Amino acid sequence: MDKKIKFLTLGLLTFAAGVAFNNFAMSDVPSKIGVVDVQAVVNSSSQVQALKKEQQAKTKEIVAFVEKARKDVAATTDVKKKQALEEKYSKELANKKIAMDKNYATKLKAIDDSISKQIEAQAKAGGYDIVLTKSVVLYGGSDITDEVKKVVK
């Protein structure tokens, strides 16, 4: 029985020492945390501004197309021709919308990837272990938004 108590005590002391050593070792690991206001970076991006202008221009084209289609349909008096024109313009409008959305999504993904790579590059250059979006950080971290904005332009 005496040997069992010694063995149990030795086991508990070894466990406690291991936990203490682990906590000590983990406290020496430096973590440099950066934060980025992603929305501010996106808003300042010239690529995003150009994409917005392009999208507005394409939207104006579609509005002009719809107006022209309405005039053509209104000018037609034959019921069958009117229906055929409506179907034709509806298909064309749907195809234009799909093409516009696909083009926008492709370009937006490319811009998003580019911004993410720039954030990663700035984080590595600054020696940051972790970079979080500013909106999720209540306190702490080094704000690298301005550095990222300069690179993204």
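## The end of helix α5

Right after helix α5 comes K153, a residue with a positive phi, near 45°. Keep in mind that the model you are looking at is predicted. Helix α5 itself covers residues 145–152, and it is a good place to begin exploring.

Which residues of α5 are buried? They are T145, V148 and V152. Looking down the axis of the helix, you would find these buried residues within an arc of 65°, so they line one face of α5. On the face turned away from that buried side, you can find the exposed residues D146 and K150. The buried residues pack against several elements: β1 (33–36), α2 (38–44), α4 and β3 (142–143).

## T145, at the start of α5

Let's zoom in on T145, which belongs to helix α5. Its relative accessibility is 5%, and because buried means under 20%, T145 counts as buried. The side chain of T145 has a polar contact with the side chain of D143, at 2.5 Å.

Setting aside neighbours within four places in sequence, what does T145 touch? Its contacts are V35, V36, D37, A40 and V41. Try picking out each of these residues in the structure, starting from T145.

## S44, a distant partner in sequence

Now move to S44, which sits in helix α2. Is S44 buried, partly exposed or exposed? With 34% relative accessibility, S44 counts as partly exposed.

S44 and V152 are separated by 108 residues in sequence, yet their C-alpha atoms are 8.1 Å apart in space. V152 is one of the buried residues of α5. If you leave out the neighbours within four places in sequence, S44 is in contact with K149 and K153. K153 is the residue with positive phi that follows α5.

## T76, in a loop

Where is T76? You will find T76 in the loop between α3 (46–75) and α4 (79–126). Although T76 is in a loop, this residue counts as buried, with 15% relative accessibility.

The side chain of T76 reaches back to the backbone oxygen of D72, at a distance of 2.9 Å. Not counting residues up to four places away in sequence, T76 also touches K81, K82 and L85.

## A nonpolar patch on the surface

Which residues form a nonpolar patch on the surface? I33, I130, L132 and V136 do, and together they have about 310 Å² of accessible area. One member of the patch, I130, is found in strand β2 (residues 130–133). I130 has a relative accessibility of 38% and counts as partly exposed.

## The whole chain

Finally, take a step back. The chain contains 5 helices and 3 strands, and their order along the sequence is α-β-α-α-α-β-β-α. Of the 153 residues in the chain, 18% are buried. The chain exposes about 11700 Å², and carbon and sulfur atoms supply 61% of that area.

How much of the contact network joins residues at least 24 apart in sequence? Among contacts between residues at least 6 apart, the share is 80%.

Definitions and conventions: Residues numbered from 1 in each chain as written. Predicted model: local features only at pLDDT ≥ 70, side-chain atom pairs only at ≥ 80, totals over all residues. Heavy atoms only, no water. Patch = residues over 30% accessible without salt bridge, like charges linked within 9 Å, V, L, I, M, F, W, Y side chains within 5 Å. Areas by Shrake-Rupley, 256 points an atom, 1.4 Å probe, with all protein chains shown as cover. Salt bridge = Lys/Arg side-chain N within 4 Å of Asp/Glu carboxyl O. Helix = DSSP H or I, 4+ residues; strand = E, 2+ residues; numbered from the N terminus. Buried < 20%, exposed > 50% of the residue type's maximum accessible area, 1.4 Å probe, protein only. Polar contact = N/O pair within 3.5 Å; in protein donor to acceptor, adjacent residues only side chain to side chain. Contact = heavy atoms within 4.5 Å. Arc of directions from axis to C-beta.
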